[in-house]
Amino acid sequence: MASAPPRRLAAPASYEAALEELEQLVARLESGDLPLEQLLGGYQRGAELLKFCRDRLEAVEGQIKLLDQGALKTWTPE
């Protein structure tokens, strides 16, 4: 009998939501209390969340480059 395809969870509502879920997931994974199947599922979800966060950061970086006319400027605190 074939197993059902893995259930995909919804994309996070925001970068901040993804980061919060990822932090909670890492804490559960590091606790060592999860069964092997849940560890695998958690790892897969973590990879999805990490990709989501990276994609969002890259999009923001692209917008900043456009605003700065292609040249990122060094930020100095005032």
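A salt bridge is a side-chain nitrogen of Lys or Arg within 4 Å of a carboxyl oxygen of Asp or Glu. Lys51 and Asp55 form such a pair through their side chains, at 2.7 Å from N to O. This briefing concerns a predicted model, in which 3 salt bridges are found. The topics below are confidence, the salt bridges, the surroundings of Arg45, the nonpolar core and the surroundings of Leu29.

**Confidence of the model**

- The average pLDDT of the protein chain is 83, and 77% of the residues score at least 70.
- Residues 1-5 keep a pLDDT under 50, and the model gives this stretch 0 contacts beyond four places in sequence.
- Predicted coordinates should not be read in detail where pLDDT is low.

**Salt bridge within helix α2: Lys51 and Asp55**

- Both Lys51 and Asp55 belong to helix α2, where they stand 4 residues apart, about one turn of the helix.
- Asp55 has a relative accessibility of 36%, so it counts as partly exposed.

**Salt bridges of Arg45**

- Glu21 and Arg45 are joined by a salt bridge between their side chains, with an N to O distance of 2.8 Å.
- Because Glu21 is in helix α1 and Arg45 in helix α2 (residues 36-67), this pair ties together parts that are 24 residues apart in sequence.
- Arg45 also forms a salt bridge with Glu48, the side chains meeting at 3.3 Å from N to O.
- Arg45 and Glu48 share helix α2 and are 3 residues apart, about one turn of the helix.
- Glu21, Arg45 and Glu48 are thereby linked in a network of salt bridges.
- With a relative accessibility of 9%, Arg45 counts as buried, the cut-off for that term being under 20%.
- The two acidic partners are partly exposed: Glu21 has a relative accessibility of 27%, and Glu48 has a relative accessible area of 28%.

**Other surroundings of Arg45**

- The side chain of Arg45 reaches the backbone oxygen of Ala10 at a distance of 3.1 Å.
- Apart from neighbours within four places in sequence, Arg45 is in contact with Leu9, Ala10, Pro12, Glu21 and Leu25.
- Ala10 therefore appears both as a contact of Arg45 and as the residue whose backbone oxygen the Arg45 side chain reaches.

**The nonpolar core**

- The largest nonpolar core has 6 residues in all: Ala18, Leu22, Leu25, Leu49, Phe52 and Cys53.
- Helices α1 and α2 each supply at least two residues of this core.
- Leu25 is a member of this core and is also in contact with Arg45.
- Cys53, another core member, touches Tyr15, Ala18 and Leu19 when residues up to four places away in sequence are not counted.
- Ala18, one of the residues touched by Cys53, likewise belongs to the core.

**Surroundings of Leu29**

- Leu29 is located in helix α1, which covers residues 15-31.
- The relative accessible area of Leu29 is 25%, so this residue is partly exposed.
- Leu29 and Leu39 are 10 residues apart along the chain, and their C-alpha atoms are separated by 6.5 Å.
- Not counting residues up to four places away in sequence, Leu29 touches Leu34, Leu39, Gly42 and Tyr43.

Methods: Residues numbered from 1 in each chain as written. Predicted model: local features only at pLDDT ≥ 70, side-chain atom pairs only at ≥ 80, totals over all residues. Heavy atoms only, no water. Buried < 20%, exposed > 50% of the residue type's maximum accessible area, 1.4 Å probe, protein only. Contact = heavy atoms within 4.5 Å. pLDDT = per-residue confidence, 0-100. Core = buried A, V, L, I, M, F, W, Y, C linked by side-chain atoms within 4.5 Å. Polar contact = N/O pair within 3.5 Å; in protein donor to acceptor, adjacent residues only side chain to side chain.
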